[in-house]
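Biologist: Before I plan anything around this protein, I would like to go through the reasoning behind the model's description. Could you show it and take my questions in turn?

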Amino acid sequence: MSMSDSDTSSQGSEYKYFRQITRERLLYEMLRSTKTGDSKSTWKVLIMDKVTVKIMSYSCKMADITEEGVSLVEDIYKRRQPLPTMDAIYFFQPTKENVTLFLSDMSGRTPLYKKAFVFFSSPVPRELVNHIKRDASVLARIGALREMNLEYFAVDSQGFITDNERALEELFGDEESSRTGDACLNVMATRIATVLASLREFPFVRYRAAKSLDPTTMTTFRDLIPTKLAAGIWNCLIKYKANLPNFPQSETCELLILDRSVDQIAPIIHEWTYDAMCHDLLNIEGNKYVHEVPSKTGGLPEKKEVLLEDHDPVWLELRHAHIADASVRLHEKMTSFVSKNRAAQIQHGSRDGGELSTRDLQKMVQALPQYGEQMDKLSLHVDIAGKINNIIKQMGLKELGQLEQDLVFGDAGTKEVINFLRMKEDVTRENKLRLLMIYAAVYPEKFEGDKIAKLMELARLPPEDMNAVNNMRLLEGSSDTKKSSIGAFSLKFDVHKKKHAARKDRTGEEVMWQLSRFYPMIEELIEKLGKGELPKNEYPCMNDPSPTFHGTSQVLSAQTSQVPAAHSMRSRRTATWARPRNSDDGYSSDSILRHASSDFKKMGQRIFVFIVGGATRSELRVCHKLSTKLKREIVLGSSSLDDPPQFITKLKLLTADELSLDDLQI
């Protein structure tokens, strides 16, 4: 099955999400396409490299692969048992090493497999194709030789990473190496372009321009990251446009390229949604959670590994809800489950008649003979939410979270931070560090004196933690951060203003849940992009025949009407969890689930947003929320998806020559 424009475009009869298209291409366009001729009914071996095995695991389950006729999955780098009666499907990156290994498998009189179907994850260099064609014995055994153009990792139904885990260090590091940086950006550009090729989308490519206060200021490599990446992606797209069948010849979507300097607060602040709290506070590896379940034989509880993913309807509904809202809903679901079950009602009736806690309800239902998969899921999330709420209490996170948000919105300053550090000596090292990093992001001018050093001393944080705070400066971008309208610290305009804020509230909006004020910068940028209000001088377009390279100071002065007031980067909007849960505004998860089938058939053109240097779960949440609001699928891409502890470790590595690995424990 080949993917034509009608299959993947946002105008198709049945709308398909980003990850769904990725999955179908891997299973049908790749695996199923090998069921031809005498290979129709035979089982096959699937051989992948380290990158493609990850690509496959993010989009498909083993059961899906088996269903398409694969009985064995192998690593191309390992010695493998010859299976001369079986056909093999190779899915790998087009590298010289991989091609050499493939040729050694399939050449000579005794090849490892009967026939080979070869699929490359990205465009293959001509010399490698010629290398394969030169071996006549191999050529006769090749059933297919194709470029899949699928070299990205679909971590979410609307999110992908390019898996450049060291991008922050290689691109923003103190020791700038343009060779390392360029190599990192090349891989990133190739992989982002395969996303667009895979979905048959040709975008308007917008990027954050480097700005300087005056023409004499030198732009650094760091300033030009989005510009360089945009150019790299554009080069790949032009080749696809010329060579790839069914690739659109005119623009079908929008792509916005940003870097981490656009929002330094989002990766550090405590995000109070269920998904973010799970990954921030619990020991979760990827999306694997180890859950204790009661033993069926009455012994000690058994440990069970579960995946928090889209196949779990409870997770799908609650992941973007505020933790308080998620807890309330779980209690309601458990109560409803019990009330609909007669056996449970009898057991309930034998009690005092008082209201039961969620934990009591959980134990009661676990004792029922009907206790099945539905209850398993509910019980799992009651357990997780309970653990999170306990950690919030034990660590005093509500008070810390309030101070974090007050700092960001200009309702607290140096005095409040000093009082907090003096009064709360039991706050963990990591949480004190995160608070000071937020302070440094809101008050970057404090770097000039010794204010931050004194606060670090007061917090009793070791010198290596000072590196993380100091390295925030490396993410500021160039001097444009001191004057830009959106996405930076506008010191130039607001140094003399009384209220010092990195976000601004909108008045007259009720907040239902505590700590729901914060929202990531990209929310504002995506909304402006959707309305066509993103300033062209700050975010030029590669498709424009005469783009304003780097933007200009002259144009900026004409844009001052768009500069938010009071040293502010963010406008206030009601949070997802701050609306009535039966609301039909498209923000609540109930509303999202209710409209999933009908609304998305009428979806407009896709918007892709790519953040160099790591994206956050709050940014992923915003993309889901705005997809419903704007009726356009918003796909978030990044070099990695980072939770706060990972991000802080990466920040410390920006000046890693002064650190040992032991120092990086936070």
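Modeller: A residue counts as lining a pocket if it has an atom within 4 Å of a point of that pocket, and please keep in mind that this is a predicted model.

Biologist: What makes a residue part of the lining of the second largest pocket, and which residues lie nearest its centre?

Modeller: With an atom within 4 Å of a pocket point as the criterion, 32 residues line the second largest pocket, and S122, P123, V124, E147 and N149 lie nearest its centre. The lining comprises 14 nonpolar, nine polar and nine charged residues, and the space in this pocket is about 950 Å³. At least two lining residues come from each of α2, α6 (126-133), β5 (142-147), α9 (178-198) and α10 (225-243).

Biologist: How do you know where the second largest pocket lies with respect to domain 1 and domain 2?

Modeller: Residues of the lining come from both domain 1 (18-151) and domain 2 (156-263 + 523-542 + 595-653), and therefore the pocket lies between them.

Biologist: Why are β6 and β8 said to stand at the edges of the sheet?

Modeller: The open sheet has six strands in the order β6-β7-β13-β12-β9-β8, with mixed pairing. Because β6 (153-156) and β8 (203-207) each have a single partner strand, one side of each is left without a neighbour in the sheet.

Biologist: What makes β8 and β9 a pair?

Modeller: Pairing requires at least two bridges, and five bridges join β8 to β9 (residues 253-259), so these parallel strands qualify as a pair. Within β9, E254 is the bridge partner of F204.

Conventions:
Residues numbered from 1 in each chain as written. Predicted model: local features only at pLDDT ≥ 70, side-chain atom pairs only at ≥ 80, totals over all residues. Heavy atoms only, no water. Helix = DSSP H or I, 4+ residues; strand = E, 2+ residues; numbered from the N terminus. 1 Å grid on protein atoms, 1.4 Å probe; cavity = no way out; pocket = protein on both sides within 12 Å on 5 of 7 lines; lining within 4 Å. Points joined across faces, edges and corners; volume = space filled by probe spheres on them. Nonpolar A, V, L, I, M, F, W, Y, C, P; charged D, E, K, R; others polar. Domains from an automatic or database assignment.
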